[in-house]
Amino acid sequence: MRLVLLGAPGSGKGTQAQRMQARHSVPQVSTGDLLREAVAAGTQLGRAAQLVMQTGGLVADDIMLGIIRERLARPDAASGFILDGFPRTQAQADGLATLLQELGTPLDAVVLMEIAPEILLRRLAGRRSCRRCGRVFHVETNPPAPGERCADGRAHDLFQRPDDNEATVRQRLAVYCERTQPLIDHYARMGLLRRIDANGSLDEVEARLEAVLAPA
Ligand code: AMP
């Protein structure tokens with residue numbers, strides 16, 4: 001399966017991608033996670049990306065395309081992937097199309113996760129991630145189960161992403177409307193777009209996602 005999850009920040013792309021990867025035996029490829037790893041490692045890319053991310057902007061298209069080219073060349077992506085947070089611009093969508101054409105592996109579908117704006121803000125305010133295993137939680141709707149631990153047996157170490165503060169969230173949503181939303185029409189014209197209602201519980205959204213991916 002080669003899938004793109006499209007949707008505003010907080011629409012649940014990462015959470016659903018994490019849940020889907022085991023079921024479909026393909027990795028979640030989150031460009032946000034790859035950039036956060038680079039920031040944490042203090043690499044040249046990380047240093048360049050940090051300020052852009054903190055202010056809710058977009059990292060340059062050529063950098064992002066380089067990251068994706070490298071990531072999709074790894075063996076675990078040979079049988080497919082779930083792209084989460086990429087592409088975010090028309091140039092990235094065009095670059096992805098060229099790359100997949102070279103590899104002879106076209107996309108199967110692009111799923112748009114549609115959600116009410118007031119729910120987005122609530123989701124982002126309560127979002128927490130585990131510093132060690134990267135799993136995404138929500139303080140109200142999806143906290144770790146009592147006693148739940150990372151794969152290494154230690155308790156989850158939850159933190160709030162620095163870009164989940166109100167000012168940066170507003171900027172990220174504005175950037176989404178301006179730069180990423182046009183991709184909805186782009187993928188609709190290509191006949192790849194499937195829309196799902198991303199409001200509701202994790203299980204409800206997951207069921208809708210699987211339903212639009214099921215063969216007709
Ligand atoms: P995310 O985890 O997907 O919300 O991404 C966090 C931040 O990383 C974004 O607000 C951007 O600053 C940056 N980022 C992630 N993916 C991309 C991308 N495809 N293009 C440009 N910037 C990105």
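Let me begin with a definition: a residue is called exposed when its relative accessible area is over 50%, and buried when that figure is under 20%. With that in hand, and keeping in mind that what we are looking at is a predicted model, I would like to start with Ser25. This residue lies in the loop between helix 1 (13–24) and strand 2 (28–30), and its phi is positive, at about 55°, although Ser25 is not a glycine. Is Ser25 buried or exposed? Its relative accessibility is 56%, and therefore Ser25 counts as exposed.

A second loop deserves a word, namely the one between strand 3 (81–84) and helix 5 (90–103), where Pro87 is found. The peptide bond that leads from Phe86 into Pro87 is cis, with an omega near -5°.

Let me now turn to the protein as a whole, which has 9 helices and 8 strands. For 216 residues, a compact globule would be expected to have a radius of gyration near 17 Å, and because the protein has 17 Å, the two agree. Along the principal axes, the C-alpha atoms fill a box of roughly 45 × 45 × 35 Å. Of the contacts with a separation of 6 or more, 70% are accounted for by residues 24 or more positions apart, and buried residues make up 44% of the 216 residues.

Finally, the surface and the charges: the accessible surface comes to about 11,000 Å², with 53% of it belonging to carbon and sulfur atoms, while the mean positions of the 27 positive and the 26 negative charges are 3 Å apart.

How values were computed:
Residues numbered from 1 in each chain as written. Predicted model: local features only at pLDDT ≥ 70, side-chain atom pairs only at ≥ 80, totals over all residues. Heavy atoms only, no water. Helix = DSSP H or I, 4+ residues; strand = E, 2+ residues; numbered from the N terminus. Rg over C-alpha atoms; globule rule 2.2 N^0.38 Å. Buried < 20%, exposed > 50% of the residue type's maximum accessible area, 1.4 Å probe, protein only. Contact = heavy atoms within 4.5 Å. Areas by Shrake-Rupley, 256 points an atom, 1.4 Å probe, with all protein chains shown as cover. Lys, Arg positive; Asp, Glu negative; His and termini not counted. Charge placed at Lys NZ, Arg CZ, Asp CG, Glu CD.
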